[in-house]
Amino acid sequence: MAHYLRRRSALAGPKWSYPRFLMLGFKPFDPLWLARETERIACSGDKRKYTAFYATGVYAGIATGYVVGCCLRCFFCWSGFERDFPEFFGRFYGPEEAMKCILAAARRYGVDKARISGGEPTLCREHLLGLLEAFQETDLRLFILETNGILLGADRSYVRALSRFERVHVRVSLKAGTPEGFTARTGAKPEAFELPFRAIEALLDEGVSFHVAAMTDPRLMPREERQQLLRRLEEIDPFLAANLEEEICDPYETTLVRMTAYGLDPAELFLAGLGRES
Ligand code: SF4
């Protein structure tokens, strides 16, 4: 143990500040900083770390490449522990190789849609754009780009780059309706709350196909905050609010661990029912 502590102290420095689980008393981080730090681990040139290729029943069947790394730390997150410990999981795939694996999964399971999931797909920009390039060469019907909107909101040119691809649909998933709720649920500093909304505005302006989802589960988001979220979307475009996809939190293994680390009792939360409390 003493040896470990000596070693840990020798290693102390920026790498120990890499956020893992959200814990009580956490210091809010800049998600753009966390994106860069995560990319140093999960990306290499145009390559990105993946842990698996498979298909699932969501979206009525979709081939999925499971990627490593995210720039938020949502306490309700159900993705694998590679989100928190990207150093330990996955191997690097170039864009063509990854799309080949996704296509093989699509063929194996008889589905015609594709996505990358598990982490934030917009990390490793060079990889994602290469992957979408490779997707254009396939006969798959649709690529669904799921995103938390942080990087797309920070850089309009990224959204413009996406707009040139055909058969790509973006799903922006909001985590909060207020800056305080955003920090409490994601760990990111409140100033970053606006970024996903900026992404939505940019997607509209650039004519990209997209829709908005939000984690409005009443056990996690108070009624008033949900209304603020809807009002914010209405200000941008009433169609977005009217067609909001509302997400529900499920007790996945990783979710239970993350909630416990954050000082919440998952049993209390999941057994409490869905009554919306304010
Ligand atoms: S829920 Fe999505 S945005 Fe939040 S930490 Fe998990 S993968 Fe990232």
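**From a hairpin to the ligand pocket**

In the hairpin of strand 2 and strand 3, five residues lie between the strands, and Tyr 59 takes a positive phi near 55°. The model is predicted. This turn is a good place to start.

Strand 2 and strand 3 run antiparallel, joined by six bridges. Thr 56 stands opposite Ile 62 in strand 3. Strand 3 also pairs with strand 5. Here the strands run parallel, and four bridges join them. In this pairing, Tyr 66 stands opposite Ser 117 in strand 5.

Now look at what surrounds strand 3. In a regular strand the side chains alternate between the two faces of the sheet. Ile 62, Thr 64 and Tyr 66 are on one side of strand 3, with Ala 63, Gly 65 and Val 67 on the other. Both faces are covered, and these residues are all buried. Buried means under 20% relative accessible area. Six of the six residues in strand 3, residues 62-67, meet that cut-off, so the strand is largely enclosed by the rest of the structure.

Next comes the empty space. Rolling a probe the size of a water molecule over the atoms shows where such space is left. The largest pocket has a volume of about 880 Å³. It is lined by 34 residues, and the closest to its centre are Trp 78, Ser 117, Gly 118, Glu 146 and Arg 171. Ser 117 has come up before, as the residue opposite Tyr 66. Strand 2 (47-56), strand 5 (113-117), strand 6 (142-147), strand 7 (168-174) and helix 11 (253-261) each give two or more residues to the lining of this pocket. By class, the lining has 14 nonpolar, nine polar and eleven charged residues.

Where does the ligand sit? The space taken by the ligand is the largest pocket. Around the ligand are Cys 70, Leu 72, Cys 74, Cys 77, Arg 83, Asn 148 and Lys 175. This shell divides into four nonpolar, one polar and two charged residues.

The structure also holds one cavity of 30 Å³ or more. About 50 Å³ of space lies in the largest cavity. Its lining consists of Leu 72, Asn 148, Ser 173, Leu 174, Lys 175, Ala 176, Phe 182, Phe 193, Pro 196 and Phe 197. Strand 7 and helix 8 (195-205) are the elements that give two or more residues to that lining. By class, the cavity lining has seven nonpolar, two polar and one charged residues. Leu 72, Asn 148 and Lys 175 line the cavity and are also among the residues around the ligand.

Conventions
Residues are numbered from 1 along each chain as its sequence is written. This is a predicted model: local features need pLDDT of at least 70, side-chain atom pairs count only at pLDDT 80 or more; totals for chains, interfaces and linings use all residues. Side-chain values use heavy atoms; hydrogens and water are left out. On a 1 Å grid over the protein atoms alone, a cavity is a set of points where a 1.4 Å probe fits but cannot get out, and a pocket is an open set with protein on both sides within 12 Å along at least five of seven lines; lining residues have an atom within 4 Å of a point. Grid points are joined across faces, edges and corners, and a volume is the space filled by probe spheres set on the points. Ala, Val, Leu, Ile, Met, Phe, Trp, Tyr, Cys and Pro count as nonpolar, Asp, Glu, Lys and Arg as charged, and the others, Gly among them, as polar. Buried means under 20% relative accessible area, exposed over 50%, partly exposed in between (1.4 Å probe, protein chains only). Two strands pair if DSSP finds at least two bridges between them. A residue is near a molecule or strand if one of its heavy atoms lies within 4 Å of it. A molecule sits in a cavity or pocket if more than half of its atoms lie within 2 Å of its grid points.
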